[in-house]
Amino acid sequence: MPSETDKQVGATVPAGPGDAAGPGDAAGREAARHPVAASEVGEAPVLLAAAGVTREFRIGETRIEVLRGVDLGLREGEILAVLGASGAGKSTLLHCLGGLDRPDAGSVRFRGQEIFSLAERELSRFRNRNMGFVFQFHHLMPEFTAEENVMMPGLVARQAPEAARRRARELLAEVGLVDRAEHKPDELSGGEQQRVAVARSLFAAPALVLADEPTGNLDPATARGLHDLMYALARRHRQSWIVVTHNSELAALADTRVWLVDGVLRREGPAGGAGGRAGERAGDISG
Ligand SMILES: Nc1ncnc2c1ncn2[C@@H]1O[C@H](COP(=O)(O)OP(=O)(O)OP(=O)(O)O)[C@@H](O)[C@H]1O
Ligand SMILES: [Mg+2]
């Protein structure tokens with residue numbers, strides 16, 4: 001319902017046009033010329049709406065309630081950073097939002113469609129078309145080149161190899177790695193490997209990219225460069241991104257920051273960090 005979704009998390013702390021690209025990052029600088037204006041993000045329709053998402057795990061007698069009713073609204077073109085302590089459930093949440101894991105209760109709607117009403121096969125197709133994933137470890141296939149890794153989603157979707165290869169080249173150019181196209185993952189630096197993983201996640205031009213600590217294994221300068229690039233790409237393609245990160249400096253580049261605390265999302269961190277009003281639940285869509 002539009003009147004409800006309007007109340008969900010919006011771009012409360014918009015990034016300025018120049019914020020998306022870091023110095024010395026040509027790909028980032030180029031992409032940052034096409035930013036989504038802050039006001040555009042604020043007015044944009046809701047892309048993803050989660051309500052009352054709960055997830056628990058049982059190991060023997062032990063029950064771990066990880067998500068206890070997560071509510072979230074993400075707009076088209078919005079970059080949302082999710083922060084929280086280790087073990088708070090950030091990865092679990094990302095998996096539920098991306099349809100990789102089914103919550104025990106609650107709903108996740110993508111452009112109004114309840115994704116968990118889809119059967120496994122349709123859900124998988126839906127994911128491939130609409131969502132991109134970037135993980136902490138790049139999960140590139142070691143025996144394939146950068147280009148082959150990036151074109152893999154196309155081959156899996158039975159695209160013509162030449163079309164998939166063209167698309168992969170285009171994406172490698174976007175992440176500034178055309179001259180590494182023939183390198184295998186172990187012939188790339190950690191930062192380059194992650195840029196290949198980002199390129200691969202964008203293959204289907206997904207409306208939503210979910211990134212789980214994509215810079216967790218990189219040194220601070222490389223991490224900063226990758227975040228700048230990701231955010232610049234998000235702006236250029238008007239994509240929504242949900243980025244889990246432990247790094248509050250990097251999270252500050254996002255439009256919106258939320259903290260996963262005690263199984264729910266909040267607008268403010270445990271120590272009262274930047275980003276919002278104390279104690280307010282993020283994306284409160286009740287009422
Ligand atoms: N498949 C599973 N089976 C049982 N328990 C699990 C499973 N997956 C996660 N958990 C538990 O759920 C809790 C949340 O895990 P999760 O990986 O979502 O945390 P996180 O916030 O991503 O942590 P980190 O920052 O360390 O990556 C943890 O206590 C973890 O042990
Ligand atoms: Mg995690």
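The chain of this predicted model has a mean pLDDT of 82, and 79% of its residues reach 70 or more. Confidence is highest in strand β4 (residues 105-110), at a mean of 97, and lowest in helix α1 (residues 2-5), at 39. Two stretches fall below 50. In residues 1-37 the pLDDT stays under 50, and the model has 82 contacts beyond four places in sequence for this stretch. The pLDDT is likewise below 50 over residues 272-280, a stretch with 17 contacts in the model beyond near neighbours in sequence. Where pLDDT is low, predicted coordinates should not be read in detail.

The surroundings of ligand 1 were examined next. The shell around ligand 1 consists of Phe57, Ile59, Ile64, Val66, Gly84, Ser86, Gly87, Ala88, Gly89, Lys90, Ser91 and Thr92. By class, these residues around ligand 1 divide into five nonpolar, six polar and one charged. At least two residues of the shell are supplied by each of β1 (46-59), β2 (62-75) and α4 (90-97). The largest share, three residues, comes from α4.

The packing of helices was then considered, beginning with the two partners of α6. Helix α6 (residues 146-156) and helix α7 (residues 161-174) have axes that come within 8 Å and cross at roughly 125°. An angle of this size lies outside the ranges for roughly parallel, perpendicular or antiparallel pairs, and α6 and α7 are therefore oblique to each other. The crossing of α6 past α7 is right-handed. On the α6 side, the contact is made by Ala146, Glu147, Val150, Met151, Gly154 and Leu155; on the α7 side, by Pro161, Ala163, Ala164, Arg165, Arg167, Ala168, Arg169, Leu171 and Leu172. The contact of α6 with α7 comprises 10 nonpolar, one polar and four charged residues.

The second partner of α6 is helix α8 (residues 190-201), and the axes of α6 and α8 also come within 8 Å, crossing at roughly 25°. Angles under 35 degrees count as roughly parallel, and α6 and α8 are therefore roughly parallel to each other. Helix α6 passes α8 in a right-handed crossing. Residues Ala146, Asn149, Val150, Met152 and Pro153 of α6 make this contact with Val196, Ala199 and Arg200 of α8. Six nonpolar residues, one polar and one charged form the contact of α6 with α8. Ala146 and Val150 of α6 thus take part in the contact with α7 and in that with α8.

Helix α8 packs in turn against helix α9 (residues 220-236), at an angle of about 20° and with the axes 10 Å apart. The two helices, α8 and α9, are therefore roughly parallel to each other. Their crossing is right-handed. The contact involves Gly190, Gly191, Gln194, Arg195 and Val198 of α8, together with Thr222, Gly225, Leu226, Leu229 and Met230 of α9. By class, the residues of the contact of α8 with α9 are four nonpolar, five polar and one charged.

Key. Residues numbered from 1 in each chain as written. Chains lettered and ligands numbered in written order. Predicted model: local features only at pLDDT ≥ 70, side-chain atom pairs only at ≥ 80, totals over all residues. Axes fitted to C-alpha atoms, helices over the stretch in contact; angles between N-to-C directions. Helix = DSSP H or I, 4+ residues; strand = E, 2+ residues; numbered from the N terminus. Parallel < 35°, antiparallel > 145°, perpendicular 65-115°, else oblique. Left-handed = near helix turned anticlockwise from the far one by under 90°. Contact = placed C-beta atoms within 7 Å. Nonpolar A, V, L, I, M, F, W, Y, C, P; charged D, E, K, R; others polar. pLDDT = per-residue confidence, 0-100. Near = placed C-beta within 6 Å.
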